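Here's a quick briefing to read alongside the model. Keep the structure open and rotate it as you go.

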Amino acid sequence: MSSDLPAEPPAARPQQMGVTYLLGRSLIAPLARAVYRPRVEGRENVPRTGPVIFASNHLSFIDSIAIPVAAPRPVHFMAKAAYFEKWASRQFFTAIGAIGVERGAGQKALEALDQQRALLEDGRAVALYPEGTRSLDGRLYKGRTGVAFLALQTGAPVVPVGLIGTDAVMPVGAKFPSTKPRITVRFGAPLDLSPHGPASSGRARRGATDEIMAAIHALSEQELAGAYNEAPAQNPIERIKQVLPHERL
């Protein structure tokens, strides 16, 4: 697979989270651990300093809360910019380490990767979902190459994460999480993806992505879907595009 990615631009300056985030991490994380009592495995696998990418399966809205709560260090993740339009939701998402981005394909996807690269080059940790969106049927879908591209570009290790039971706590469509089910968060050993080759190589990005997904699968024990998690095509052009081989970021 040849590269169709643009030349690497200078990284944007990472967003400073401020007092809201510091208060949120000190208050929300202990409260969530007390209420939900998550089973956490493999915390010793998480590097305590330096850049790191958490690559996880994605089952529920609360996945982006479960990982920061379980991780032994601050974690940032991307969230839809719409979540930051109202004051109350903006304060909540900022408090749990979210950074607003315009989601989408093409240029929007590359701009989101650039923001994440800036965080990593500042020595921070980010959480990403290689599947791209939540699994509605509980299966593990094929990984998109954006996470591998970011890891190969920055040299940051990738810690695979297997989330189990978050879809029972807050299924798709639920307005509030249940406090009854317990979730499990499994952190795997860090992956050094550099042997796959440079970020500019499509073959390297695909091979690194497959290694990440294999590690997530070993932790989550989900059934494999064998396909990308994509919305149904709305027109013939979209159907043709989904059938034809092309790289998904």
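What follows is a short overview, then bullet points sorted by topic.

Keep in mind that this is a predicted model. The chain is built from eight helices and seven strands. It runs to 249 residues, and 46% of them count as buried. Among contacts with a separation of 6 or more, 76% are between residues 24 or more positions apart.

**The nonpolar cores**

- The largest nonpolar core holds 29 residues, and the members touching the most others are Ile 53, Val 158, Leu 193 and Ile 212.
- Six elements each put at least two residues into this core: strand 2 (52-56), strand 4 (98-101), helix 4 (107-121), strand 5 (125-128), helix 5 and helix 7.
- There's also a second, separate core, made of 26 residues, with Ala 70, Val 75, Phe 77 and Val 161 among them.
- Val 158 is a good place to start looking at the largest core, as one of the residues touching the most other members. Setting aside residues up to four places away in sequence, Val 158 touches Ile 53, Ala 55, Ala 151, Ala 189, Pro 190, Leu 191, Leu 193 and Ile 212.

**Helix 5**

- Helix 5 spans residues 146-154 and is mostly covered, with eight of its nine residues buried.
- The buried ones are Gly 146, Val 147, Ala 148, Phe 149, Leu 150, Ala 151, Leu 152 and Gln 153.
- Ala 151, one of those buried residues, is also on the list of residues that Val 158 touches.
- Step just past the end of helix 5 and you meet Gly 155, which has a positive phi of about 80°.

**The second largest pocket**

- This pocket encloses about 400 Å³ of space.
- Its lining comes to 20 residues; Ala 32, Tyr 36, Ile 62, Ile 65 and Pro 177 are the ones nearest the centre.
- Helix 1 (18-36) and helix 2 (63-70) each contribute at least two lining residues, and helix 1 has the largest share, at five.
- What is the lining made of: nonpolar, polar or charged residues? The split is 19 nonpolar, no polar and one charged.

**Buried polar and charged residues**

- Ser 60 sits in the loop between strand 2 and helix 2. Is Ser 60 buried or exposed? Its relative accessibility is 0%, so Ser 60 counts as buried.
- Beyond its neighbours within four places in sequence, Ser 60 is in contact with Arg 134, Thr 166, Asp 167 and Met 170.
- Arg 248 belongs to the segment after helix 8. Arg 248 has a relative accessible area of 8%, so this arginine is buried.
- The side chain of Arg 248 makes a polar contact of 3.1 Å with the side chain of Glu 230.

**Positive phi outside glycine**

- Arg 37 isn't a glycine, yet has a positive phi of about 45°. You'll find Arg 37 in the loop between helix 1 and strand 1 (39-41). With a relative accessible area of 40%, Arg 37 is partly exposed.
- Glu 221 is another non-glycine residue with a positive phi, here near 60°. Glu 221 lies in the loop between helix 7 and helix 8. Its relative accessible area is 58%, so Glu 221 is exposed.

**Distant in sequence, brought together in space**

- Leu 224 is in the loop between helix 7 (202-220) and helix 8 (236-243). Which residues does Leu 224 contact, leaving aside its neighbours within four places in sequence? They are Arg 139, Leu 140 and His 217.
- From Leu 224 to Lys 142 is 82 residues along the sequence but 8.1 Å in space, C-alpha to C-alpha.
- Gln 91 is part of helix 3 (residues 87-95). The relative accessibility of Gln 91 is 24%, so this glutamine counts as partly exposed.
- Gln 91 and Gly 24 have 9.0 Å between their C-alpha atoms, and they are 67 residues apart in sequence.

Definitions and conventions. Residues numbered from 1 in each chain as written. Predicted model: local features only at pLDDT ≥ 70, side-chain atom pairs only at ≥ 80, totals over all residues. Heavy atoms only, no water. Helix = DSSP H or I, 4+ residues; strand = E, 2+ residues; numbered from the N terminus. Contact = heavy atoms within 4.5 Å. Buried < 20%, exposed > 50% of the residue type's maximum accessible area, 1.4 Å probe, protein only. Polar contact = N/O pair within 3.5 Å; in protein donor to acceptor, adjacent residues only side chain to side chain. Core = buried A, V, L, I, M, F, W, Y, C linked by side-chain atoms within 4.5 Å. 1 Å grid on protein atoms, 1.4 Å probe; cavity = no way out; pocket = protein on both sides within 12 Å on 5 of 7 lines; lining within 4 Å. Points joined across faces, edges and corners; volume = space filled by probe spheres on them. Nonpolar A, V, L, I, M, F, W, Y, C, P; charged D, E, K, R; others polar.
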